[in-house]
Amino acid sequence: MLYIIALGIIAAVVGVICGNQLQKHHFQQEIQQAKATAAQLVTKAEVDAKEKSVKILSDGKKQTQDYKESIEEELNSYKADNITRHSRIDQRQNGLKQTQERLDELHQKLAGESHEINEKKNEIEKLHQTANGLSQKRMQTLQDRGSITIDEAKQEILNQLAVDLKREKDIELKYQDDEAQVNAPKIAKILADDAIQRGPVDMPREHIEHSVQINDNNTKQKLIGREASNIRYIETLTGTDLVFDPDDPHLLHVVTQDPLHREVAKTVITNLVVTKQINAQSIEHQVETAQLDLMNELRRTGEKVVGSLHIGWMHPDLLKIVGRLKYRTSYGQNVLNHSIEVADISGMLAAELGLNVKIAKRAGLLHDIGKAIDREVDGTHVELGVKIAETYGEDPQVVNSIASHHGDVDVTTPIAHLVAAGDSISGGRPGARSESVEEYVNRLKSLERIASSKQGVKESYAIQAGREIRIVVDPKKLDDVQNQKLADEVRDEIENELTYPGKIKVTSIRDFKAIAYVGAEKKKGHRKLKKA
């Protein structure tokens, strides 16, 4: 058994040794093959290197030869350029030499001429001095012989020139004035026609209601209250008189001269009728609300009008006064619409004449601003309008336009003429005012009747739509003191008997003439003239 094991071990050792020998032999063969392959690669690389080196050398020689040839060509071209440049330089040098020679000759010639010029200049200076001396002697001789100095002669010439210029100026101004007077009516007519066509717009007439319809009997009884306490309380708070129509018991009339109080009363009654809550507290609340709404409406109306006319900033209080014109009428014409028309017409005329359009529109809008408060404050609407405009710092042109648009004061600015024209156009155009012809004629006749009824009056005329009454008295019956007394009597009687808008001017004229003739011919001629 041990023998077998030993043989196995020996066989294993022999197998291992044989395997190592075989593996070593195999490795040696691979090494030899690798060396042979490396030798082949080295040989091939040497052959390729030789071929490439030969090719590179041949290419280098060829490039070197080409570069050499190109360099030689460039050098030859540079040489040719240098030769050309040298020849040009030589030519320029020859030209400079010739130019230098010519300049030297010219310098010598100029030096000679300069010497001659200096000599002539000296001669001229001597002649100038001689001429100055002679001129002074001549002036002195003229002064001695004419007995006048140079300054006096200059002043006399200037004075004569001023006289001539003034004469020419007067002639030119006279010509322009005559031409303007001839053409002025035609131009004014054209401008007025254009303003009338472009300005006034026929607006539907706003009827101001003076009454409120109450159809419900229960509401009517609540509105009247126990022993008429509610309706009397409304009258007290609104400053109006509330009267039911005897022919229509459901029609309540609001009686007052103040259109704002009337508007407040109408609003209060209408709201009370709608809410049907009629007691002292609700009446007070409705009155306060109506008054506040009315003030806001006045301000909004003023802002709207001023904004539409583009006349710039206006004081907020003055805006409210402008809004009050909405509730004021004159001969049936709404004063606010009338003022807007006048503003538009005045602005158009000012634009055509090259005047300030904004000031013209502003003056046109405010020309009747006094009518907004003339029922509350004593004075004519012109006087009140002037005070309002001055209070709120309006332009003097606006103030003069307000004061003069009825001829109460003299016109000091062209814009005032435009405002007066716009006022006449707006108020006198057909359909603007609703006063009947009969009322108008009766008013004029009443004025003339009062004046003619006085003793010593020869004739009387109502003019300017009844704004002025002119009385012609007999100078033989009345003296100057009695004439003044007559004017005062007519004024007082008109104030007591008639209802008139605005201001009426009473003018009493006493004219005494003494005429005498010398010679029969003049007397005959006078008689013939009388007969004719």
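This report walks through the overall build of a predicted protein model, its cavity and a few of its residues.

Some ground rules come with the model. Residues are numbered from 1 along each chain as its sequence is written, and side-chain values use heavy atoms, with hydrogens and water left out. Because this is a predicted model, local features need pLDDT of at least 70 and side-chain atom pairs count only at pLDDT 80 or more, while totals for chains, interfaces and linings use all residues.

**The whole protein**

Let's begin with the overall build. The protein has 15 helices and 8 strands; helices (H or I, at least four residues) and strands (E, at least two) are DSSP runs, numbered from the N terminus. Taken along the principal axes, the C-alpha atoms fill a box of roughly 185 × 135 × 40 Å. The radius of gyration is 60 Å, whereas a compact globule of 532 residues would have one near 24 Å. This radius is taken over C-alpha atoms, and the globule rule is 2.2 Å times the number of residues to the power 0.38.

How many of the 532 residues, in percent, count as buried? The share is 28%, where buried means under 20% relative accessible area, exposed over 50%, and partly exposed in between (1.4 Å probe, protein chains only). The protein exposes about 37200 Å², and carbon and sulfur atoms supply 54% of that area. Accessible areas come from the Shrake-Rupley method with a 1.4 Å probe; for residues, only the protein chains shown count as cover.

Contacts (heavy atoms within 4.5 Å) tell another part of the story. Among those with a separation of 6 or more, 58% join residues 24 or more positions apart.

**The cavity**

Rolling a probe the size of a water molecule over the atoms shows where empty space is left. Searching the whole structure turns up 1 cavity of 30 Å³ or more. A cavity is a set of points on a 1 Å grid over the protein atoms alone where a 1.4 Å probe fits but cannot get out, and lining residues have an atom within 4 Å of a point. Grid points are joined across faces, edges and corners, and a volume is the space filled by probe spheres set on the points. The largest cavity holds about 80 Å³ of space. Its lining residues include Asp258, Arg324, Lys371 and Glu376. By class, the lining has 4 nonpolar, no polar and 7 charged residues. Here Ala, Val, Leu, Ile, Met, Phe, Trp, Tyr, Cys and Pro count as nonpolar, Asp, Glu, Lys and Arg as charged, and the others, Gly among them, as polar.

**Residues to look up**

Two loop residues have a positive phi without being glycine:

| Residue | Phi | Loop between | Relative accessibility |
|---|---|---|---|
| Glu227 | about 55 degrees | α3 (217-224) and α4 (229-238) | 78%, exposed |
| His310 | near 55 degrees | α6 (280-309) and α7 (316-324) | 61%, exposed |

Now look at two helix residues. Leu353 is in helix α8 (residues 335-353) and is partly exposed, at 46% relative accessible area. Not counting residues up to four places away in sequence, Leu353 touches Leu191 and Leu418. Lys189 belongs to helix α2 (residues 150-198). Is Lys189 buried or exposed? Lys189 counts as exposed because its relative accessible area is 58%. The C-alpha atoms of Lys189 and Ile150 are separated by 57 Å, with their positions 39 residues apart along the chain.

Methods: On a 1 Å grid over the protein atoms alone, a cavity is a set of points where a 1.4 Å probe fits but cannot get out, and a pocket is an open set with protein on both sides within 12 Å along at least five of seven lines; lining residues have an atom within 4 Å of a point.
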